Every structure is written in structure tokens, then in C-alpha cells.
Amino acid sequence: MWIKYFKTIFDFIAAFFLLVLFSPLFLMLWILVVIFLGGRPAIFKQKRPGYQEKIFYLYKFRSMSNAKNEGGELLPDCSRLNTFGKMLRSTSLDELPQLWNILKGDMSFIGPRPLLPEYLPLYNSEQRRRHLVKPGLTGWAQVNGRNAITWQQKFDFDCWYIDNKSFTVDIKILWLTILKLLKKDGVNVSESITMELFKGNKKN
């Protein structure tokens, strides 16, 4: 009943309230991104598959500079992620613009994180089940390791959520997410900048 009737209503009301509440923070972060990372836009958008694999634009605060080499190509991620960008990621403040995605109905507060559309042809039938619900701002995989777990573990956690989704599970994930943010757990994998790309499933 929670998923079918009330979750969408809760998502809309909560996202609207938080967008209003955090509007001064949004403005401050917008200015700081321009100052410390240079250039524009402060918010970037990227295509992601959502519910039933429908493509939408996900919004985030930019956490890397637009620094380029002499040939006009962007420098490697590690060269473009400065102290300010790392702070945005470690506190997950770069994810705040996704409240707009939730308000629009593209996402929910709780659900599997939206991944890249390039991964869609690489999923097996079990992994593809992650698109049976709206993607979330946080999810079961995020509170069980985030970027510190393998892709297979991430998909297993996503599918577990699909099979066990409920109001109680959502509240548990929300609470564990708050604890994770306070501890800054699982933001990066050792010294790498982001989770390594998914390259598909190994064949036997």
C-alpha cells in the first residue's frame, strides 16, 4: 500500500518542502561552484534510465573543474577534482539538485541509484529488475557499501530491495543513509575518484 498509494505523494511533498527549505543553501553552493571550480554551468545534467528504463535527465552540482589540456580535451578526473569538489562529494551536497528530479517524478527518495544508459545492454535479466521501481536518491546498496562494494553486490542489493520494498524498509534506508553521511562512509573506492565502470557480466 505504501509503494502503490502513498510513496509518490510523500516524495512530492517532501521534495517541495526541502527545495524551499534549502533554497539559500542551493544559492550558496551555486556561487561556490562557480568560484572554486570555475566556468559554468554550476549544475550539470546527464541522461539516466529510470522506471521501466525510461530515460530522464539527472541533475547534480558539478564537482569537477572544466580544466583542459593544450588540445582542448578535458584533463583526467583526478586532475579536475579539487578539495572543494571532494567536499561536495563526501557530504553528498552535489546530489541536492536531484530533489528537482524527485519533484518531477523521475526519481524517489529511496530506490536503486540511477546508472548510465550505456549499461542497459550489459544487464542480465536479474540485474534489469532494478528498473521495476523509480531510481532513488539513496538505496539499499548505498547503505551497504556504496562505492566500496562490487558491481555484483550492488545489483544483488538492488534486487533485494525490489523484492522487499515497504514503508519499514524505506525508513530503515533513510535512517542508515543519515548515519552514513555523518560518517562519510563509502564515498570513494580507495584512491579512485568514482566507482569503476560496469563492463558487463563475465561469461562462463
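Biologist: In this predicted model, what covers the buried residues of H7?

Modeller: The cover over the buried residues of H7 includes two helices and two strands named here. They are H1, E3, strand E4 (136–138) and H6.

Biologist: Which residues of H7 are buried, and within what arc do they fall?

Modeller: Buried here means under 20% relative accessible area. By that cut-off the buried residues of H7 are Val169, Asp170, Ile173 and Thr177. Viewed down the axis of H7, these buried residues line one face of the helix, because they fall within an arc of 95°.

Biologist: Which exposed residues does the face of H7 turned away from its buried side carry?

Modeller: Exposed takes over 50% relative accessible area. On the face turned away from the buried side of H7, the exposed residues are Thr168, Trp175, Leu182 and Lys183.

Biologist: How far does H7 reach from its first C-alpha to its last?

Modeller: H7 has 17 residues, and at 1.5 Å a residue 24 Å is expected. The reach in the model is close to that, at 25 Å.

Biologist: Which helix gives the largest share of the largest nonpolar core?

Modeller: That core has 26 residues, and Val33, Phe109, Tyr161 and Ile173 have the most contacts inside it. Elements that each supply at least two of its residues include H1, H6 and H7. The largest share is four residues, and it comes from H2.

Biologist: How many residues are in the other core, the one with Leu116 and Met195?

Modeller: This core lies apart from the largest one, and Leu120 and Phe155 are also among its residues. Its residues number nine.

Terms used
Residues numbered from 1 in each chain as written. Predicted model: local features only at pLDDT ≥ 70, side-chain atom pairs only at ≥ 80, totals over all residues. Heavy atoms only, no water. Core = buried A, V, L, I, M, F, W, Y, C linked by side-chain atoms within 4.5 Å. Buried < 20%, exposed > 50% of the residue type's maximum accessible area, 1.4 Å probe, protein only. Expected span 1.5 Å × (residues − 1). Arc of directions from axis to C-beta. Contact = heavy atoms within 4.5 Å.
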